[in-house]
Amino acid sequence: MWTAHYDDASQDYYYYNSETQETTWARPADYVSRAEDFTEHYSEDHQAAYFYDLTTKETTWERPPCLDLPPPPPAPAKVQPKKRISRRLSDTHVNLDDFVLSDRTLKFFTQVAGLLTCKKTADSLYEDRVQSPDKILNGPDFKSFKKDGQDPAQEGPDTMTVEELREDAREKKPEFDALVRNVVEDQGLDPDEQVMVDGEPITKEWGNYKVLTLAGLKSLERSVAKTENEYGGNPKFLCDLGRATIVCRTEEEIAKVLRALMAETEVLRVKNRF
């Protein structure tokens with residue numbers, strides 16, 4: 001049985017078969033839509049409701065039949081075993097015998113701890129690195145900036161809907177993908193090379209990271225949420241619908257790629273985390 005799942009990294013949906021353990025980005029021919037695949041919206045122009053399929057990125061005026069099916073019965077509650085946590089705070093020993101964490105919560109805290117450890121290590125390594133005379137990424141060429149001191153905004157009419165913005169991005173995506181690939185190749189990098197860390201690939205649910213990883217368009221659901229939460233409901237400031245990740249081995253490679261991007265296109269904003 002196939003189910004659709006949302007991947008935060010690529011901000012797109014992939015499909016998982018619980019019987020064969022198979023995952024795929026392509027929508028399986030025998031996939032059966034579920035109620036949670038759809039969001040309902042209202043068109044003021046047509047004075048009617050329409051439905052958006054999160055997995056196919058398609059809209060329809062017809063109400064999907066799966067929305068009228070009864071909900072599945074709730075899964076039986078899973079009894080979580082107690083996990084004993086002992087922490088030493090200064091000279092005080094705290095033993096939380098009755099403290100219980102679910103597997104999901106424990107996994108979350110483990111991932112956060114790993115992220116903080118990695119960041120601390122990376123900050124320490126880069127602090128040592130920038131003591132060298134060149135300090136490439138701390139130089140004036142790569143300072144964080146916004147063009148004209150303003151947040152970038154989409155070209156076009158003063159008023160645009162998220163759907164119109166995504167359609168415009170969909171038309172421009174092939175040009176964007178080709179531009180980024182050409183920049184990577186022109187710097188002598190292999191865009192299809194798999195990224196390895198300590199001899200292991202960086203693996204996500206949708207596959208492994210490459211030197212160039214092209215993501216799908218930001219989903220409608222995420223686009224609407226970001227517009228409302230960060231841009232005051234104005235989608236013209238939503239400028240990351242099309243995205244790509246370029247992995248470099250050295251600081252010099254990062255500088256070369258950035259310079260090439262600045263030469264090939266107009267850069268409106270840079271966020272330098274170094």
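**Note on the predicted model: strands, rings and charged pairs**

1. Tyrosine 31 counts as buried, at 7% relative accessibility. Buried here means under 20% relative accessible area, exposed means over 50%, and partly exposed is in between, with a 1.4 Å probe and protein chains only. Tyrosine 15 is buried too, with a relative accessible area of 1%.

2. This is a predicted model, in which local features need pLDDT of at least 70, side-chain atom pairs count only at pLDDT 80 or more, and totals for chains, interfaces and linings use all residues. Residues are numbered from 1 along each chain as its sequence is written, and side-chain values use heavy atoms, with hydrogens and water left out.

3. How many aromatic pairs does the structure hold? There are four (rings of Phe, Tyr and Trp, the last by its six-membered ring, with centres within 6.5 Å; planes under 30 degrees apart are stacked, over 60 edge-to-face, the rest tilted). In one of them, the ring centres of tyrosine 15 and tyrosine 31 are 5.1 Å apart and the planes meet at 70°, so this pair is edge-to-face. It links distant parts of the chain. Tyrosine 15 sits in strand β2, while tyrosine 31 is in the loop between β3 and β4 (38-43), 16 residues apart. Strands (E, at least two residues) and helices (H or I, at least four) are DSSP runs numbered from the N terminus.

4. Strand β2 also belongs to a sheet. The sheet is open, has three strands in the order β1-β2-β3, and pairs them antiparallel (two strands pair if DSSP finds at least two bridges between them). At its edges stand β1 (2-7) and β3 (22-24), each with a single partner strand, so one side of each lacks a neighbour in the sheet. From one strand to the next, the twist averages 30° (axes are lines fitted to C-alpha atoms, for helices over the stretch in contact, and angles run from 0 to 180 degrees between N-to-C directions).

5. Now the β2-β3 contact. Strand β2 covers residues 12-17 and is joined to β3 by three bridges, running antiparallel. Tyrosine 16 has threonine 23 of β3 as its bridge partner.

6. Two hairpins follow. β4 and strand β5 (residues 48-53) are antiparallel, joined by six bridges. Across that pairing, tyrosine 42 faces alanine 49 in β5, and serine 43 stands opposite alanine 48. Four residues lie between these strands, and glutamine 47 takes a positive phi near 50° in the hairpin.

7. β5 then pairs with β6 in the antiparallel sense, over three bridges. Aspartate 53 stands opposite glutamate 58 in β6. This hairpin also has four residues between its strands, and lysine 57 in the turn has a positive phi of about 65°.

8. How many salt bridges does a search of the whole structure find? Eleven (each a side-chain nitrogen of Lys or Arg within 4 Å of a carboxyl oxygen of Asp or Glu). One of them joins glutamate 40 and arginine 63, with the closest N and O atoms 4.0 Å apart. Glutamate 40 is in strand β4 and arginine 63 in the loop between β6 (58-60) and β7 (85-89), so the pair ties together parts 23 residues apart in sequence. Glutamate 40 is exposed at 51% relative accessibility. Arginine 63 is partly exposed at 42%.

9. Helix α2 (residues 162-186) holds arginine 170 and glutamate 167, three residues apart, which means about one helical turn between them. They form a salt bridge, and their closest N and O atoms are 2.7 Å apart. Arginine 170 is partly exposed, with a relative accessible area of 33%. Glutamate 167 is partly exposed as well, at 37%.

10. A further salt bridge joins arginine 181 and glutamate 185, with a closest N to O distance of 3.7 Å. Both residues lie in helix α2, four residues apart, about one turn of the helix. Arginine 181 has a relative accessible area of 27% and is partly exposed. Glutamate 185 is partly exposed at 39%. Salt bridges with shared partners join Arg181, Glu185 and Asp192 into one network.

11. Last, the cysteines. The structure holds zero disulfides (pairs of cysteine sulfur atoms within 2.5 Å). Cysteine 66 is buried at 11% relative accessibility. Cysteine 239 is partly exposed at 33%.
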